[in-house]
Amino acid sequence: MKKLVAALLCLCLVAGSAGAAQFTFASGTRAAQADFTVSGDDLVIRLENISTFNVSQPDELLSGVFFDLAGSPSLTRVSGLLAPGSTVAFGTTPADNVIGGEWAYSESATLLHPEGLQYGVSGVGLSIFGPEDRFPGDNLGGPESPDGMWYTLLSAGNIIDQGNAPVTGGFSLIDNAVILTLSGLPQGFDPDADITDVWFQYGTGFHEPRFPGVPVNGNGNGNGNGNGDDVIPEPLTVSAMLMGVAGLTGYMRRRRQMAA
């Protein structure tokens, strides 16, 4: 019995130790999610507008995410892609899914963000990101620089022909997620512990809405309350726990049948 319990505990611990961290927020009609995954020395960021509400005006478009990294490593741009299942609305979806020429990355020891953050990826300029900051890829539309609202993120619940002119055909927009890859992480980088203070940016300027992300795993980093109230187990962890409980239940049932 003790061996089975120990094995179950080990299984749960392994299942929860993935090289990834997830941050989310929801406020009114806006909701976003950023998944940070480590692959070798790459940091892969999946940014998604997960709101179930229609985007009716530009300041409901998700345009970027800012964050801090422990140790302040210097990263380089690798690629910018549409997430699987995402498309370009009011424009042509590139056959290779490369949208890097419309998104940018920057880091600065002098801080990029009003909240004092050093790292950011963005589809708009914000008086920070210029042509030299873009990910590899062609310019798909608009100026050859992150500018305006070109290729920012519509919501999961967007209704394509409802809203004001800028969000119903005035600009090419992404429905509704991108994957941006950076390289240069130090050995042993742990996204669950080493990514902090995540902020989601909307619209085309810092005067427009921005919101702190909450770490889904409840580790207390970033802007979570750190008391465990926001703990949501990862799917793999849940599956492992259920498998372990099922095994323990079967074991106890067999013991009772043998004792009968």
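**Notes on the strands, cores and rings**

1. Let's start with a strand pair: β11 and β12 run antiparallel to each other, joined over 3 bridges. Strands here are DSSP runs of E, at least two residues long, numbered from the N terminus, and two of them pair if DSSP finds at least two bridges between them. Within this pairing, W199 stands opposite P212 in β12.

2. A word on the basis: this is a predicted model, in which local features need pLDDT of at least 70 and side-chain atom pairs count only at pLDDT 80 or more, while totals for chains, interfaces and linings use all residues. Residues are numbered from 1 along each chain as its sequence is written, and side-chain values use heavy atoms, leaving out hydrogens and water.

3. Now to the sheet around that pair. Five strands make an open sheet in the order β7-β8-β4-β11-β12, with antiparallel pairing. β7 (104–107) and β12 (210–212) are at the edges with a single partner strand each, so one side of each has no neighbour in the sheet.

4. Next, the interior. The largest nonpolar core (buried Ala, Val, Leu, Ile, Met, Phe, Trp, Tyr and Cys residues joined through side-chain atoms within 4.5 Å) has 35 residues. F36, L43, L47, F67, W103, I195 and F200 have the most contacts inside it. Among the elements giving two or more residues to this core are β1 (20–27), β4 (62–69) and β11 (195–202). Another core, of 8 residues, lies apart from it and includes F66, A104, L126 and F129.

5. The rings deserve a look too. There are 10 aromatic pairs, where rings of Phe, Tyr and Trp (its six-membered ring) pair if their centres lie within 6.5 Å; planes under 30 degrees apart are stacked, over 60 edge-to-face, and the rest tilted. Y202 and F211 have ring centres 6.0 Å apart and planes at 85°, so this pair is edge-to-face. Both Y202 and F211 are buried, that is, under 20% relative accessible area, with exposed meaning over 50% and partly exposed in between (1.4 Å probe, protein chains only). One aromatic cluster is formed by F23, F36, F67 and Y119.

6. Finally, have a look at V78, which lies in strand β5 (residues 76–82). Its relative accessibility is 36%, so V78 counts as partly exposed. Which residues does V78 touch, not counting those up to four places away in sequence? They are F135, P136, T181, L182 and S183, with contact meaning heavy atoms within 4.5 Å. The C-alpha atoms of V78 and S183 are separated by 6.6 Å, although these residues are 105 residues apart along the chain.

Conventions
Helices (H or I, at least four residues) and strands (E, at least two) are DSSP runs, numbered from the N terminus.
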